[in-house]
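Please open the structure in your viewer and keep the selection panel at hand. The tour below goes from stop to stop, saying at each one what to select and what is found there.

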Protein chains: 2
Amino acid sequence: MIRALAFDVFGTVVDWRSSVARELAAFGARHGISDDWSAFADDWRAGYVPAMDRVRRGELPWTRIDDLHRGRLVELLNDRGIDVDDAEIDDLNRAWHRLDPWPDAVAGLTRLKKRFVITTLSNGNVSLLTNMAKYAGLPWDCVLSAEIFRHYKPDPETYRGCAEILDVAPDELMMVAAHPSDLRAARDAGLRTGFVFRPAEYGPERSLRKPADDEFDVVADDFGDLAEQLGA
Amino acid sequence: MIRALAFDVFGTVVDWRSSVARELAAFGARHGISDDWSAFADDWRAGYVPAMDRVRRGELPWTRIDDLHRGRLVELLNDRGIDVDDAEIDDLNRAWHRLDPWPDAVAGLTRLKKRFVITTLSNGNVSLLTNMAKYAGLPWDCVLSAEIFRHYKPDPETYRGCAEILDVAPDELMMVAAHPSDLRAARDAGLRTGFVFRPAEYGPERSLRKPADDEFDVVADDFGDLAEQLGA
């Protein structure tokens, strides 16, 4: 019996790529700079896993995603010779707090919330996730993050810690994500797994494959389909 | 400028005494036992601070409130010679997850949420607070707890940790509570303070004094008055 659902957020609940590209374009317009802002968003995002891996390997002390994002942003701005003040950089960095949900996300979560405890389980820090929920109207029951467990996904401590803090058994908790690697790590930690297909996450040029129907406990096309399959 | 409000929960947001007494009375009716259930609720609650103090002094390892509540409940049942099985005790113990809000709480929080980030900052564990929010319809932006900081209030780590994880300065965070001791500790940690008067917390026989208007940043009669005074 599943009692709670833990959601990956970037890419699974929200469309980070077009949201960040839009914020970058507005920033560019304010400063008279043109660029391929979708490619900039991709480059920014590409710094995410390597930076977390440095924390995971112990080469960096615990560092929240806001600060990892900011470090990468400063590199990318410097590479392009874009010189703006710290307050501008801080504001632009908070683009990651203002991400739009996928069109089915709010209605699907609202439906799932009636039957299950729904929480974030994201590598984003608590304040980022809290601000994003306010911005996007995401009706979480609680906001859990790698920051609380001081381990980034896919470290097993995040998945097990989530079950423990919700006071459910690992197999009463389903990890929901658009990323097979996240789900495989959750499964290895004893959780149930729900894949949601987000083919547009990386934009129209990159095609993503839907996993086989039997690779995870549920394979769904969107949050409405997930709710349907879970009887919510 | 205040950006976020952190709420004490037991007594400030919810009426623990009549809710727990009601659950105890239902338990008594099922087992054919009569007792003064309000007095039982008071006795149960009276074990709370001493048990947390044992954790705060390091005499007990970190122990969540659910387990501290359960230990006290078993003592009280034993004292009265009431013998029931573990599943019954577990269910009765979760009475603390099913507490009714004060009549003004949901409307007041909904109003405050439009202007501020609103979070719990309770000694209750995360699963207790999450279940309670679902039960009572409390619209938290996020659920923070002593459990996350591994320190019970009034340890300063809870108040400072709350500001840090919300990414606000201590003086941009207001602690809201019906208990002067909680607010004094929050003030010592650099937070702003909002007192909300809950004269019925301990029942009709125990009279509570409203603090002087200048003792805390805001002294309010209920959450509607708090919202009014904060311009929400």
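The stops that follow are in a predicted model, beginning with the sheet of chain A and then turning to chain B.

**The sheet of chain A**

Begin by selecting the strands of chain A, which form an open sheet of 6 strands in the order E3-E2-E1-E4-E5-E6, with parallel pairing. At the edges stand strand E3 (142–145) and strand E6 (218–220) of chain A, each with a single partner strand, so one side of each is left without a neighbour in the sheet. Ignoring direction, neighbouring strands of this sheet are turned by 25 degrees against each other on average.

Within this sheet, select strand E1 (residues 4–7) and strand E4 (residues 173–177) of chain A, which pair in the parallel sense over 4 bridges; here A:Phe7 stands opposite A:Val176 of E4(A). Then add helix H7 (residues 126–136) of chain A, which packs on the sheet and touches strand E2 (117–122) and E3 of chain A, while its direction makes about 145 degrees with that of E3(A).

**The sheet of chain B**

Move to chain B and select its strands, where an open sheet of 6 strands has the order E3-E2-E1-E4-E5-E6, again with parallel pairing. Its edge strands are strand E3 (142–145) and strand E6 (218–220) of chain B, each of which pairs on one side only, and the twist from one strand to the next averages 25 degrees. Helix H7 (residues 126–136) of chain B packs on the sheet, touching E2 and E3 of chain B, and its direction makes about 145 degrees with that of E3(B).

Now select E1(B), both faces of which are covered: B:Ala4 and B:Ala6 on one side, and B:Leu5 and B:Phe7 on the other, are all buried. E1(B) pairs in the parallel sense with strand E2 (residues 117–122) of chain B over 4 bridges, and the bridge partner of B:Leu5 in E2(B) is B:Ile118. Another 4 bridges join E1(B) to strand E4 (residues 173–177) of chain B, the two running parallel, with B:Leu173 in E4(B) as the bridge partner of B:Ala4. From E4(B), continue to strand E5 (residues 192–196) of chain B, with which it pairs in the parallel sense over 4 bridges; B:Met174 stands opposite B:Arg192 in E5(B).

**From B:Asp15 into helix H1**

Next select B:Asp15, which is placed in the loop between strand E1 (4–7) and helix H1 (16–31) of chain B. B:Asp15 is buried yet has no salt bridge, and the nearest side chain of opposite charge, that of B:Arg17, is 7.3 Å away. Not counting residues up to four places away in sequence, B:Asp15 touches B:Asp100 and B:Trp102.

Follow the chain into H1(B) and add helix H5 (residues 86–93) of chain B: the axes of these helices come within 10 Å and cross at roughly 155 degrees, which makes H1(B) roughly antiparallel to H5(B). To display the contact, select B:Glu23, B:Leu24, B:Phe27, B:Arg30 and B:His31 of H1(B) together with B:Glu88, B:Asp91 and B:Leu92 of H5(B).

**Last stop: B:Leu60**

Finally, select B:Leu60, in the loop between helix H3 (48–56) and helix H4 (65–79) of chain B. B:Leu60 is partly exposed, with a relative accessible area of 25%. Leaving aside neighbours within four places in sequence, B:Leu60 is in contact with B:Ala51, B:Arg54, B:Val55 and B:Leu68.

Methods. Residues numbered from 1 in each chain as written. Chains lettered and ligands numbered in written order. Predicted model: local features only at pLDDT ≥ 70, side-chain atom pairs only at ≥ 80, totals over all residues. Heavy atoms only, no water. Buried < 20%, exposed > 50% of the residue type's maximum accessible area, 1.4 Å probe, protein only. Lys, Arg positive; Asp, Glu negative; His and termini not counted. Salt bridge = Lys/Arg side-chain N within 4 Å of Asp/Glu carboxyl O. Contact = heavy atoms within 4.5 Å. Pairing = 2+ DSSP bridges. Axes fitted to C-alpha atoms, helices over the stretch in contact; angles between N-to-C directions. Parallel < 35°, antiparallel > 145°, perpendicular 65-115°, else oblique.
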